Amino acid sequence: MLTRRAALMGVAGIAALPVLTKAAKTEEIMDTSMVPPADLSSLRRIKRRLVRPPFVHEHEQVAPAEPRIVEFEMQIVEKEVEVGDGAYLQAMTFNGSIPGPLMVVHEGDYVELTLYNSPENLMQHNIDFHAATGALGGGSLTLVNPGEKTTLRFKATRPGTFVYHCAPGGPMIPWHVVSGMSGAIMILPRNGLTDHEGAPVRYDRVFYIGENDFYIPRDEDGNFKRFEDVGESYPDTLEVMNGLIPSHVVFNGKIGALTGDNALHAAQGEKVLFVHSQANRDTRPHLIGGHGDLVWETGKFNNPPERDLETWFIRGGSAGAALYEFLQPGVYAYVNHNLIEAVNLGATAHVVVEGDWNNDLMEQVQAPVEYNAAYEGKTALP
């Protein structure tokens, strides 16, 4: 059943923003207010404060005996973001970051999210959890105008890593997603992760890498255009989006977000869990100089992990997880192994690992020296 407010939201939006508001179709907006609320009064509540990716909020790897209601708060922020040198995106974000924060709960827990749409924003927004059970992943129950907030609760019934994203309806969906509005949630098994034989597995660190494809328009001289606000950016951005050729493919919101001074850090012997999401396009994570010891390529922890992968595949609209124990020190490049996208468009991260080099694993037998080309032969071929 439709509420009067739901029906009016589209009308009000159309009047205010004629170009932008092919928003949620009214037949997609549900009213569940007549259904008796679930009685969860016996469950303990805990609050988790979300942190900016690539880092993850405090959480247990093994859950307590009884399920809990895990409360989160998240603010929707529309803002300009520089994603590359001279390339500015009119971004739409969860909590001001691209990607949105990683949430962690356990199977059987209840996720309770309060979503705020800041009064300064121009657009309607919502959240669609791929982990949730119910029409539109909660999208129809969380559609909020600027200056409104809403609270959604869903039961985490399936362990794994899952994407969430904004999905306000119609052509707004892809635009909001490629403007930065996606993130991930990790639902751990209650007893924690296990390997291919069912033995317990623990990690020392979690790094959350959200990959995004951006479509920033250029002017007639080939320079990136810059816009006053998200509304002004829409027509030109739509034209580039529909060409399906991104201007940027990046990790965590911009070129260099996870390299140089922003590089990730680990220690030799640590086991690092990489959670990787892509809400729109397929991608191929690869750790140069390392491997996926255990890889949940589809991100679903009820399935046994694959082992010893060199490159794994994350389907567009999903999140995967890979565990690796760093055995050697050095700078490791974590890339999308479409190397054009990694090197030329930005999809590269670095992990700096401290420790002592092990020549048994790799040794430089001879440093580079000059040689007699005439004696050695001018070509490597017969």
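Contact here means heavy atoms within 4.5 Å. Keep in mind that this is a predicted model, where local features need pLDDT of at least 70, side-chain atom pairs count only at pLDDT 80 or more, and totals for chains, interfaces and linings use all residues. Residues are numbered from 1 along each chain as its sequence is written, and side-chain values use heavy atoms, with hydrogens and water left out.

**Exercise 1: The chain as a whole**

Task: Work out what share of the contacts between residues at least 6 apart in sequence join residues at least 24 apart, then add burial, surface and secondary structure.

Solution:
- Step 1. The share is 76% for contacts that join residues at least 24 apart, taken among those between residues at least 6 apart in sequence.
- Step 2. Of the 382 residues, 52% count as buried. Buried means under 20% relative accessible area, exposed over 50%, and partly exposed in between, with a 1.4 Å probe and protein chains only.
- Step 3. The accessible surface comes to about 18,700 Å², and 51% of that belongs to carbon and sulfur atoms. These areas come from the Shrake-Rupley method with a 1.4 Å probe; for residues, only the protein chains shown count as cover.
- Step 4. The chain has five helices and 21 strands. Helices (H or I, at least four residues) and strands (E, at least two) are DSSP runs, numbered from the N terminus.

**Exercise 2: The cores**

Task: Find which residues touch the most other members of the largest nonpolar core, and explain where this core lies.

Solution:
- Step 1. A nonpolar core is a set of buried Ala, Val, Leu, Ile, Met, Phe, Trp, Tyr and Cys residues joined through side-chain atoms within 4.5 Å.
- Step 2. The largest one has 34 residues, and Met74, Phe94, Met103, Phe129 and Ile185 touch the most other members. Strand β2 (residues 68-84) gives the largest share, four residues.
- Step 3. This core lies between domain 1 (45-183) and domain 2 (208-354), because both give residues to it. The domain bounds come from an automatic or database domain assignment.
- Step 4. Take Met103: leaving aside neighbours within four places in sequence, its contacts include Leu50, Phe72, Met74, Phe129 and Ile185.
- Step 5. There is also a second, separate core of 25 residues, with Phe207, Leu287, Val295 and Val351 among them.

**Exercise 3: Two open sheets**

Task: Give the strand order of the open sheet of four strands and of the open sheet of six strands, and pick out the edges.

Solution:
- Step 1. Two strands pair if DSSP finds at least two bridges between them.
- Step 2. The sheet of four strands runs β14-β21-β20-β16, with mixed pairing. β14 and β16 (285-288) stand at the edges with a single partner strand each, so one side of each has no neighbour in the sheet.
- Step 3. Zoom in on β14 (residues 264-267): Leu264 and Ala266 make up the covered face, while His265 and Ala267 are on the uncovered one. β14 pairs with β21 (residues 348-354) in the parallel sense over four bridges. Leu264 has Val351 as its bridge partner, and Ala267 stands opposite Glu354.
- Step 4. The sheet of six strands runs β13-β12-β15-β19-β17-β18, also with mixed pairing. Its edges are β13 (248-251) and β18 (306-309), each with a single partner strand, so one side of each is left without a neighbour in the sheet.
- Step 5. Inside that sheet, β12 (residues 205-214) and β15 (residues 271-278) pair in the parallel sense over seven bridges, with Gly210 opposite Ser277.

**Exercise 4: Backbone oddities**

Task: Locate the cis peptide bonds at Pro54 and Pro99, then decide whether Leu244 and Asp308 are buried or exposed.

Solution:
- Step 1. Start with the background: most residues other than glycine have a negative phi, and most peptide bonds are trans.
- Step 2. Pro53 and Pro54 are joined by a cis bond with omega about 15°, and Pro54 sits in the loop between β1 (44-47) and β2.
- Step 3. Ile98 and Pro99 are joined by a cis bond too, with omega about 0°; Pro99 is in the loop between β3 (87-94) and β4 (102-106).
- Step 4. Leu244 has a positive phi of about 65°. Leu244 is in the loop between α3 (230-242) and β13, and counts as exposed because its relative accessibility is 65%.
- Step 5. Asp308 has a positive phi of about 60° and lies in strand β18. At 57% relative accessibility, Asp308 counts as exposed.
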